[in-house]
Amino acid sequence: MSDVKSARPLSPHLSIYRFRPTMAMSIVHRITGAALYVGTVLLVWWLVAAASGPDAFATASGFFGSIIGQLILFGYSWALIHHMLGGLRHFAWDMGYADSKETSTVLAIATLVGSVTITVLLWLGILIFG
């Protein structure tokens, strides 16, 4: 191995970056994408149970009606909404809009606030209107 230093630049390390909302939302976008796989498996279980008969459907409905099931459904709906809003944000960037540093930071925060707000409103609507 040679002791000669390379003249090429080194890749920047994470320690030189200042943590920004856009970075956080990028990480959360990936996490929600992975969570949607798990939630979709549960959705398929519910659909298969509905097609399999009253006993299987009662079991699935009992699970989703429990506190744990409701928390999972709440998390799944938030992940779905957050991932969708993040996708729309990326779509705007791909089209060449809202890609300045200030605007992208505002949109990152708006993605989080919007996803929480829409999810809470959705669940309030479910609770109120059944």
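Let me start with a term: rings of Phe, Tyr and Trp, taking the six-membered ring for Trp, count as a pair if their centres lie within 6.5 Å, and the planes are called stacked under 30 degrees apart, edge-to-face over 60, and tilted for the rest. The structure above is a predicted model, in which local features need pLDDT of at least 70 and side-chain atom pairs count only at pLDDT 80 or more, while totals for chains, interfaces and linings use all residues. Residues are numbered from 1 along each chain as its sequence is written, and side-chain values use heavy atoms, with hydrogens and water left out.

A search of the whole structure finds 5 aromatic pairs. In one of them, Trp45 with Phe64, the ring centres are 5.5 Å apart and the planes stand at 50°, so this pair is tilted. Because Trp45 lies in helix α1 and Phe64 in helix α2, the pair ties together parts that are 19 residues apart in sequence; helices here are DSSP runs of H or I with at least four residues, numbered from the N terminus. Together with Phe63, these two residues form one aromatic cluster. For burial, the terms are buried for under 20% relative accessible area, exposed for over 50%, and partly exposed in between, with a 1.4 Å probe and protein chains only. Trp45, at 34%, is therefore partly exposed, whereas Phe64, at 9%, is buried.

Now to helix α3, residues 67-94. What span should its 28 residues have at 1.5 Å a residue? The expected span is 1.5 Å times one less than the number of residues, which gives 40 Å for α3, and its end C-alpha atoms are indeed 40 Å apart. Its buried residues, including Tyr76, His82, Leu85, Gly86 and Arg89, pack against α1 (21-52), α2 (54-65) and α4 (101-129). Just after α3, Gly96 takes a positive phi of about 90°.

From the α4 side, Thr111 lies in that helix and is buried, with a relative accessible area of 4%. Leaving aside neighbours within four places in sequence, Thr111 is in contact, meaning heavy atoms within 4.5 Å, with His82, Leu85, Gly86 and Arg89.

Which side of the cut-offs does Leu121, also in α4, fall on, buried or exposed? At 54% relative accessibility, Leu121 counts as exposed.

Notes. Helices (H or I, at least four residues) and strands (E, at least two) are DSSP runs, numbered from the N terminus.
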